[in-house]
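Me: I would like a close look at a single part of this model. Please keep it brisk, and then place that part in its surroundings.

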Amino acid sequence: MSGEAARVFAALGDPVRLTLVASLGPDGQSISDLTRGLTITRQGVTKHLKVLEAGGLIRSERRGREVIWHCRPAGLAVARHALEEIGAGWEQSLQRLKSLVEDQTPKEGPGQI
Amino acid sequence: MSKDQTDSVSRSIVISGSPDRVFRALTEEFGTWFQVRLEGPFRVGDLTKGAMTMHQVAGLPFKARTVALEPPGRFAFDWPQWDFEANRNLEDEAPWTRVEFTLEPVAEGTRVTVTESGFAGFTPSLGARLLRENTEGWEFQLAQLKSHVG
């Protein structure tokens with residue numbers, strides 16, 4: 001796993017942050033939009049947004065007097081890519097397990113440990 | 001998006017052979033298919049160590065704590081993540097992920113499903129530390145390279 005992937009997983013490893021990322025629409029949302037419906041304070045939401053921003057999962061944009069938060073699909077792609085790589089590694093390992101079982105005759109072969 | 005999408009990864013395969021046979025290969029012949037030289041067998045609660053023999057990662061340490069060894073249906077262990085950039089084990093600073101194999105009989109033999117989970121357990125402070133240590137790790141590697149070459 002890369003340090004970048006670890007940061008993305010870290011950023012996503014919290015239910016509030018997952019909710020925040022999931023609720024960001026294509027046009028972005030302000031802190032007020034995001035705080036609505038949540039039981040935590042604006043300050044709390046801001047703290048979580050900073051973690052998500054550091055993880056590269058969201059970005060902010062100033063629009064007039066407001067800060068609008070947007071999703072960064074590339075951030076999520078890092079997490080997905082890391083899991084895909086780990087999944088691909090397991091696929092290869094399972095394939096070797098399959099070959100070991102299916103190619104092995106009762107006599108001892110080079111595959112024995 | 002759900003937590004599951006970033007917390008776990010799962011793959012499965014169907015193997016021609018009974019669950020008993022597949023379970024034996026999975027556990028007793030783990031070293032052969034996973035490509036690692038183990039120092040001992042898997043025992044629930046125990047740490048099993050070894051050295052990878054897979055060519056891309058040959059020599060890297062392998063370490064796993066067995067969580068379940070229930071023939072012929074389930075085998076599970078926890079293991080630390082390896083940071084490939086810094087080329088080091090994250091056993092002390094990151095949560096260990098869980099690897100779980102389930103075996104079920106199917107018409108063609110046995111379906112083996114492996115699920116690795118716990119990726120969402122990485123904490124923000126860890127993320128920051130990883131970033132810093134990765135940088136230091138590379139500096140160390142470069143210094144090693146330099147002394148090796150020079």
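How many residues does helix 4 of chain A have, and how far does it reach from its first C-alpha to its last?

Reply: A caution before the answer: this is a predicted model. Helix 4 of chain A has 13 residues. From first C-alpha to last it reaches 18 Å. That is close to the 18 Å expected at 1.5 Å a residue.

Now its buried residues. In helix 4 of chain A these include Val45(A), His48(A) and Leu49(A). Val51(A) and Leu52(A) are buried as well. These five sit on the same side of helix 4 of chain A, because they cover an arc of only 160° around the axis. The general rule helps here. An α-helix has 3.6 residues a turn, so residues three or four places apart point the same way.

What follows the helix? Gly56(A) does, and its phi is positive, near 75°. Gly56(A) is also touched by Val8(A). Further along the chain, Val8(A) touches Leu57(A), Gly75(A), Val78(A) and Ala79(A), and it touches Gly55(A) too. That count leaves out residues up to four places away in sequence.

Val8(A) leads to the core. The largest nonpolar core has 26 residues. Leu52(A), one of the buried residues of helix 4, is among those with the most contacts inside this core. Val8(A), Phe9(A), Val21(A), Ile58(A) and Ala79(A) are the others named in that group. Helix 4 (42–54) is one of the elements that give two or more residues to this core. So listed, too, are helix 1 (3–12), helix 2 (15–23), strand 3 (66–71) and helix 5 (73–103) of chain A. The largest share, 7 residues, comes from helix 1 of chain A. In soluble globular proteins, nonpolar side chains tend to be buried together. A second, separate core has 23 residues, including Trp33(B), Ala64(B), Leu103(B) and Val114(B).

Step back to chain A. There are 5 helices and 3 strands. From the N terminus on, the order is α-α-β-α-α-β-β-α. Buried residues make up 35% of the 113 residues in chain A. Take the contacts in chain A between residues at least 6 apart in sequence: 57% join residues at least 24 apart.

The strands of chain A form an open sheet of 3 strands, with order 1-3-2 and antiparallel pairing. Strand 1 (29–30) and strand 2 (58–63) are the edge strands, and each pairs on one side only. Strand 1 and strand 3 of chain A pair over 2 bridges, in the antiparallel sense. One residue pair shows this register: Ser30(A) has Ile68(A), in strand 3, as its bridge partner.

Chain B has two backbone details to check. The peptide bond from Pro71(B) to Pro72(B) is cis, with omega near 0°. Pro72(B) lies in the loop between strand 4 (61–70) and strand 5 (74–79) of chain B. Gln35(B) is a residue other than glycine with a positive phi, near 65°. Its loop runs between helix 3 (30–34) and strand 2 (36–38) of chain B. Gln35(B) counts as partly exposed, because it has 18 C-beta neighbours inside 10 Å.

Finally, confidence. The mean pLDDT of chain B is 80, and 72% of its residues reach 70 or more. Over residues 123–142 of chain B the pLDDT is below 50. Beyond near neighbours in sequence, that stretch has 33 contacts in the model. The model scores ipTM 0.76 and pTM 0.68.

How values were computed:
Residues numbered from 1 in each chain as written. Chains lettered and ligands numbered in written order. Core = buried A, V, L, I, M, F, W, Y, C linked by C-beta atoms within 7 Å. Buried ≥ 20, exposed ≤ 12 C-beta atoms within 10 Å, placed from the backbone. Helix = DSSP H or I, 4+ residues; strand = E, 2+ residues; numbered from the N terminus. Contact = placed C-beta atoms within 7 Å. pLDDT = per-residue confidence, 0-100. Expected span 1.5 Å × (residues − 1). Arc of directions from axis to C-beta. Pairing = 2+ DSSP bridges.
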